[in-house]
There are 2 protein chains.
Amino acid sequence: MAKISEPTVRRLSHYYRVLDEVAGEGQRTISSRILAEREGITSAQVRKDLSYFGSFGRRGLGYNVEHLRTEVRRILGLDRRWRVGVVGAGHIGSALLAYRGFGDQGFDVVAVFDTSAARVGHRLGEQVIRDMATLSEADALEMGVIATPMRAAQEVADALVAAGVRGILNFAPRKLRVPREVALRTVDMTMEFESLSFALSQARTPRRRRTAE
Amino acid sequence: MAKISEPTVRRLSHYYRVLDEVAGEGQRTISSRILAEREGITSAQVRKDLSYFGSFGRRGLGYNVEHLRTEVRRILGLDRRWRVGVVGAGHIGSALLAYRGFGDQGFDVVAVFDTSAARVGHRLGEQVIRDMATLSEADALEMGVIATPMRAAQEVADALVAAGVRGILNFAPRKLRVPREVALRTVDMTMEFESLSFALSQARTPRRRRTAE
């Protein structure tokens, strides 16, 4: 299989949501046009993405919903459950624990850590907050979430890697160093705002600028 | 100017961070190779992205840091301040208010709203939480953040649009309908986890799969 780019993976996540929805409505086939809708993707892009995985729709009939859903689910690694540990029991950690959607998709938060004595021992959702120092390989975590202040993030990443974690989701606004074999994703809220300010700036100026040229 | 895709905007945000960092270190020129680093981008991609905006490095010398930084800053709409309203004073709203980075980049949270009588009137950061019903055009908000439960999200989006907001950042895990001229970005936490489970699944299986074929 060719190396799949990050934007392709995001589109697969999108297709999976659509497939899940239409499967729930009892629909049996779906066209690439419907899969493309709402995301600013073309039907051609959908067909290209799915052809990577050996899935081909039939002209005029489209894709078989159940088959494609099962396949995308497997490709995204959602056909199994994942053990997730959250480090940092502040606002972001609490927001994650409060969100039931993760469990539905196979992501089980099985441990929450913090270094603050004021937090350790208290409950957060179904978990009792543990001292970060107790994190070990015995926790068998596969994914870790870093929801700590910026200055602690690298140390936490190192501890997660040492405990055997292979995927890290980082909410701290700083670059982290992890070994090559560890997958790292950073959620950068400022970048989301920048995407909006870009869009709004473009909307403001194009006509005026064109006239000036 | 050609239509700029969302991944290009994200790369511009990345370049801006790097440029900001090296400008702070007093560096005067930068190569496309350094701008490409850490993001899995090629130097050719960097040169292509920047050529959209009429910026060309000089072979062997690279780009002028200060010039490029000013230009990317303007393109991203970061050469001005934006009035942002946050709806929902729960975990995510609180996390956003607590993060100082937004102000540094020109995003000023000037109002926070909620519908809960238990929250309205209390302070959150420098803001006093207001009743959602008091949101109006008089607030002159340009961007709105939806950090409410899923079921309230569409109603909040409608209210933000009615109040003149032109850009919305949505943290609620559901699709929203907004007019064409309003920019909408959704932060989908589950999608971030899926990107990790995809990466971890691929790391597990490729060799075995290849042997089986």
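User: Which residues of α5(A) are buried?

Analyst: In this predicted model, the buried residues of α5(A) are A:His91, A:Ile92, A:Gly93, A:Ser94, A:Ala95, A:Leu96 and A:Leu97.

User: What makes helix α5 of chain A mostly covered?

Analyst: Just look at the tally. Helix α5 of chain A runs over residues 91–98, and seven of its eight residues are buried. To earn that word, a residue needs 20 or more other C-beta atoms within 10 Å of its own.

User: How much of chain A is made up of buried residues?

Analyst: Chain A has 213 residues, and 38% of them are buried.

User: Let's try one residue, then. Why is B:Val18 called buried?

Analyst: B:Val18 has 21 other C-beta atoms within 10 Å, and the cut-off is 20 or more. So B:Val18 is buried. You'll find B:Val18 in helix α1 of chain B, residues 6–24. Its C-alpha is 9.7 Å from that of B:Val65, though the two are 47 residues apart in sequence.

User: And what makes B:Ser32 buried?

Analyst: That one works just like the last. B:Ser32 has 21 other C-beta atoms within 10 Å, and 20 or more is what it takes, so B:Ser32 is buried. B:Ser32 sits in helix α2 of chain B, residues 32–36.

User: What does B:Ser32 touch?

Analyst: Leaving out residues up to four places away in sequence, B:Ser32 touches B:Ser43, B:Val46, B:Arg47 and B:Gly57. As for B:Leu135, it is 103 residues from B:Ser32 along the chain, and 45 Å separate their C-alpha atoms.

User: Is A:Ala140 buried, exposed or partly exposed, and how do you know?

Analyst: A:Ala140 has 13 C-beta neighbours inside 10 Å. Exposed would need 12 or fewer, and buried 20 or more. Thirteen falls between those two, so A:Ala140 counts as partly exposed. B:Ala140 also has 13 C-beta neighbours inside 10 Å, so B:Ala140 counts as partly exposed too.

User: What is phi of A:Ala140 near?

Analyst: Phi of A:Ala140 is near 50°, which is positive, and the residue isn't a glycine. Most residues other than glycine have a negative phi. A:Ala140 lies in the loop between β7 (130–131) and β8 (143–146) of chain A. Over in chain B, B:Ala140 has a positive phi of about 50° and isn't a glycine either. B:Ala140 is in the loop between β7 (130–131) and β8 (143–146) of chain B.

User: On to helix pairs. Why are α1(A) and α4(A) called oblique to each other?

Analyst: Take the angle. The axes of helix α1 (residues 6–24) and helix α4 (residues 65–75) of chain A cross at roughly 140° and come within 9 Å. Roughly antiparallel needs an angle over 145, while roughly perpendicular covers 65 to 115. An angle of roughly 140° fits neither label, so α1(A) and α4(A) are oblique to each other. As for handedness, α1(A) passes α4(A) in a left-handed crossing.

User: Which residues make the contact between α1(A) and α4(A)?

Analyst: From α1(A) come A:Leu12, A:Tyr15, A:Tyr16, A:Leu19, A:Asp20, A:Val22 and A:Ala23. From α4(A) come A:Val65, A:Glu66, A:Leu68, A:Arg69, A:Val72, A:Arg73 and A:Ile75. By class, that is 10 nonpolar residues, four charged and no polar.

User: What about α1(B) and α4(B), at what angle do their axes cross?

Analyst: Roughly 140°, and the axes come within 9 Å. That makes α1(B) oblique to α4(B). The crossing of α1(B) past α4(B) is left-handed.

User: How many residues does the contact take from chain B and from chain A?

Analyst: The contact takes 47 residues from chain B and 47 from chain A. On the chain B side, elements giving two or more residues include α1, α5 (91–98) and α8 (189–204) of chain B. The one that gives the most is α8(B), with 14 residues. By class, this side of chain B has 26 nonpolar, 11 polar and 10 charged residues.

User: Back to chain A. Where are its domains, and what separates their centres?

Analyst: The domain assignment gives domain 1 (6–75) and domain 2 (82–190) in chain A. Their centres, taken over C-alpha atoms, are 32 Å apart.

Key. Residues numbered from 1 in each chain as written. Chains lettered and ligands numbered in written order. Predicted model: local features only at pLDDT ≥ 70, side-chain atom pairs only at ≥ 80, totals over all residues. Axes fitted to C-alpha atoms, helices over the stretch in contact; angles between N-to-C directions. Helix = DSSP H or I, 4+ residues; strand = E, 2+ residues; numbered from the N terminus. Parallel < 35°, antiparallel > 145°, perpendicular 65-115°, else oblique. Left-handed = near helix turned anticlockwise from the far one by under 90°. Contact = placed C-beta atoms within 7 Å. Nonpolar A, V, L, I, M, F, W, Y, C, P; charged D, E, K, R; others polar. Domains from an automatic or database assignment.
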